[in-house]
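Trainee: Could you take me through one part of this model closely, choosing a single residue and the strands around it, and add whatever is unusual in the backbone elsewhere?

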Amino acid sequence: QVRLVESWGGLVQAGGSLRPSCVASGSIVSINTMAWYRQACGKQREMVATITSGGTTNYADSVKGRFTISRDNAKKTAYLQMNSLKPEDTAVYYCNADLIRGLDRMRDDYWGQGTQVTVSS
């Protein structure tokens, strides 16, 4: 069974930094794109950043220049370095992975349980 587990969200003052991580585990053959999404209270889930297995990244306009996504393929881990945080960055942050799993090498899409990030003004 494949799992994604996020950690290292938290509470920070505006202007501060956080670096949540996402670890994938289970019967994983390979991981294609990994991504971070967020969902603020009362709003739809939105893409924050994506990174391919080759390291190509993409960011939402609202976080460009402040957030950096990275990954360690050997550790099956993705990170989101968040700098210059703003109160509007407050949300639950979810990890997503497009991966190949199992002996039958099925392609599938997984989500983590989310980690809360709160930025106080």
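Mentor: What follows starts from one charged residue, moves out to its sheet and a hairpin, and ends with some backbone angles. Please keep in mind throughout that this is a predicted model.

The residue I would choose is E6, which is found in strand 1. This glutamate is buried yet takes part in no salt bridge, and the nearest side chain of opposite charge, that of R45, is 7.6 Å away; a salt bridge would need a side-chain nitrogen of Lys or Arg within 4 Å of a carboxyl oxygen. What the side chain of E6 does have beside it is backbone: a polar atom of this side chain lies 3.0 Å from the backbone nitrogen of Q113, and the backbone nitrogen of G114 lies 2.8 Å from a polar atom of the E6 side chain. Once neighbours within four places in sequence are left aside, the residues in contact with E6 include S21 and C22, W36, the run Y93, Y94 and C95, and also G112, Q113, G114 and T115.

Turning to the sheet, strand 1 belongs to an open, four-stranded arrangement with the order 1-3-8-7 and antiparallel pairing. Strand 1 (3–7) and strand 7 (67–72) are its edge strands, each pairing on one side only, and neighbouring strands are turned by 15° against each other on average, with direction ignored. The partner of strand 1 is strand 3, residues 21–25, and the two are joined in the antiparallel sense by five bridges, with V5 standing opposite V23.

A separate pairing involves strand 9 (residues 91–101) and strand 10 (residues 106–111), which run antiparallel and are joined by six bridges. Here A97 stands opposite Y110, and in the hairpin that these strands form, with four residues between them, G102 takes a positive phi near 75°.

That angle leads to the remaining backbone features. Most residues other than glycine have a negative phi, which makes two further positions worth a careful look. W8, in the loop between strand 1 and strand 2 (10–13), has a positive phi near 70° although it is not a glycine, and this tryptophan is exposed, with a relative accessible area of 65%. S84, placed in the loop between strand 8 (77–82) and strand 9, likewise has a positive phi, near 50°, in a residue other than glycine; at 41% relative accessibility, S84 counts as partly exposed.

Definitions and conventions. Residues numbered from 1 in each chain as written. Predicted model: local features only at pLDDT ≥ 70, side-chain atom pairs only at ≥ 80, totals over all residues. Heavy atoms only, no water. Pairing = 2+ DSSP bridges. Axes fitted to C-alpha atoms, helices over the stretch in contact; angles between N-to-C directions. Buried < 20%, exposed > 50% of the residue type's maximum accessible area, 1.4 Å probe, protein only. Lys, Arg positive; Asp, Glu negative; His and termini not counted. Polar contact = N/O pair within 3.5 Å; in protein donor to acceptor, adjacent residues only side chain to side chain. Contact = heavy atoms within 4.5 Å.
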